[in-house]
Amino acid sequence: MARHAEREQAEKREKAEKACRRAEELFIAGHVRSAHREVIRAKQLCSSLPGVANAVAAYEVHAAAGGGWRAILGIRHGGGAATHDAIKKEYRRLSLLVHPDKARTCSAAEGAFKLLRQACEEGLSKAASGRDTSPAPRRAAAPPVPRAATAPPPTPVMQPMYYNMPREPMLIYCPSCKNEYKAKIGRLEQQAGMKCARCPEWLSPPWQKKPPARKEPTAAPGRQVFQCPAKCPECEAEYKSKVSVGRWCLKCKECNKSSMVDVQGPDKATVTIRKRA
């Protein structure tokens, strides 16, 4: 029985992988709704397949692109005006799913992330002004009265709002992974926050600044000062800095490489290579 169950599970996983590949082909060919149906079938076959939840979210965003910012963010009509908190909550939930760093195997992720940015900016501006004019779901209407044949009006081409919004480079510090990097910050990031570029942490304004580097400690009652017992992970040279118990950012005098050193005592320390932006 166990072998039969494992074989059945392997067959479902194989069918799910084929459905995901088929969804990618359909999306590239321009058949968004068909791709959405295929990836939903893949999730039903094997919900634990890596990346299937991210692909479902990305295709859902593309499929809802014609229904306004509410449809993209999944905020239903009829519940009154959407609040800033509700818009930010849905934007954060979906952007963590469709972020290109999270859904690297899905070609729809990058476009879905841009659509989310546009929808969030539009929703926040409507909520701030109190003018929620997004289209509501339409019911079946009576057939129109036939008119004289005329040329159809040209379809207006709308530029996404985030293309025209100025975004300035800024140094961002993440307290979770202790990394500092450059990021472009616009009005959307100032209002809804952004995902850290180095870890899954969600960062929100006000942006934190990198704490100043700790200098060599001075001897004090109850604190022991000693030479760092660790070695540089790059060149294996011993650190010459004086430290105490705690976490230190030390620069090797031989190779000029900086590393994070977690000092537990005079004879014990853990070194990790410091990541650079």
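These are legends for a handful of close-up views of a predicted model.

**View 1. Helix H5 from end to end.** Here we're looking at H5, which runs over residues 84–98. Its 15 residues reach 21 Å from the first C-alpha to the last, close to the 21 Å expected at 1.5 Å a residue.

**View 2. The buried side of H5 and its opposite face.** Ile87, Glu90, Tyr91, Leu94, Ser95 and Val98 are the buried residues to pick out in H5. They sit on the same side of the helix because the arc they cover around the axis is only 125°. Turn to the face away from that buried side and you'll find Asp85 and Lys89, both exposed.

**View 3. What covers the buried residues of H5.** Several elements pitch in here. Among the helices in the cover are H3 (52–63), H4 (68–73), H6 (109–129) and H8 (187–192). Strand E4 (202–203) is also part of what covers these residues.

**View 4. Glu17 and Arg13 in helix H1.** The two side chains meet in a salt bridge, at 3.6 Å from N to O. Both residues belong to H1 (residues 2–28) and lie 4 residues apart, about one turn of the helix. That spacing fits a general rule: an α-helix has 3.6 residues a turn, so residues three or four places apart point the same way. Glu17 is partly exposed, at 30% relative accessible area, and Arg13 is partly exposed too, at 34%.

**View 5. Lys18 and Glu14, also in H1.** This pair forms a salt bridge whose closest N and O atoms are 3.9 Å apart, which squeezes in because the cut-off is 4 Å. Lys18 and Glu14 are 4 residues apart in helix H1, about one turn. Both count as partly exposed: Lys18 has a relative accessibility of 48%, and Glu14 has 44%.

**View 6. Arg41 and Glu38 in helix H2.** Now for a pair with a spacing of 3 residues, in H2 (residues 32–45). Arg41 and Glu38 form a salt bridge, with the closest N and O atoms 3.3 Å apart. About one helical turn separates the two, because they are 3 residues apart in the helix. Arg41 is partly exposed, with a relative accessible area of 38%.

**View 7. A salt-bridge network.** Arg117, Glu121 and Glu189 are linked in a network of salt bridges. For the whole model, the count of salt bridges comes to 9.

Technical notes: Residues numbered from 1 in each chain as written. Predicted model: local features only at pLDDT ≥ 70, side-chain atom pairs only at ≥ 80, totals over all residues. Heavy atoms only, no water. Expected span 1.5 Å × (residues − 1). Buried < 20%, exposed > 50% of the residue type's maximum accessible area, 1.4 Å probe, protein only. Arc of directions from axis to C-beta. Contact = heavy atoms within 4.5 Å.
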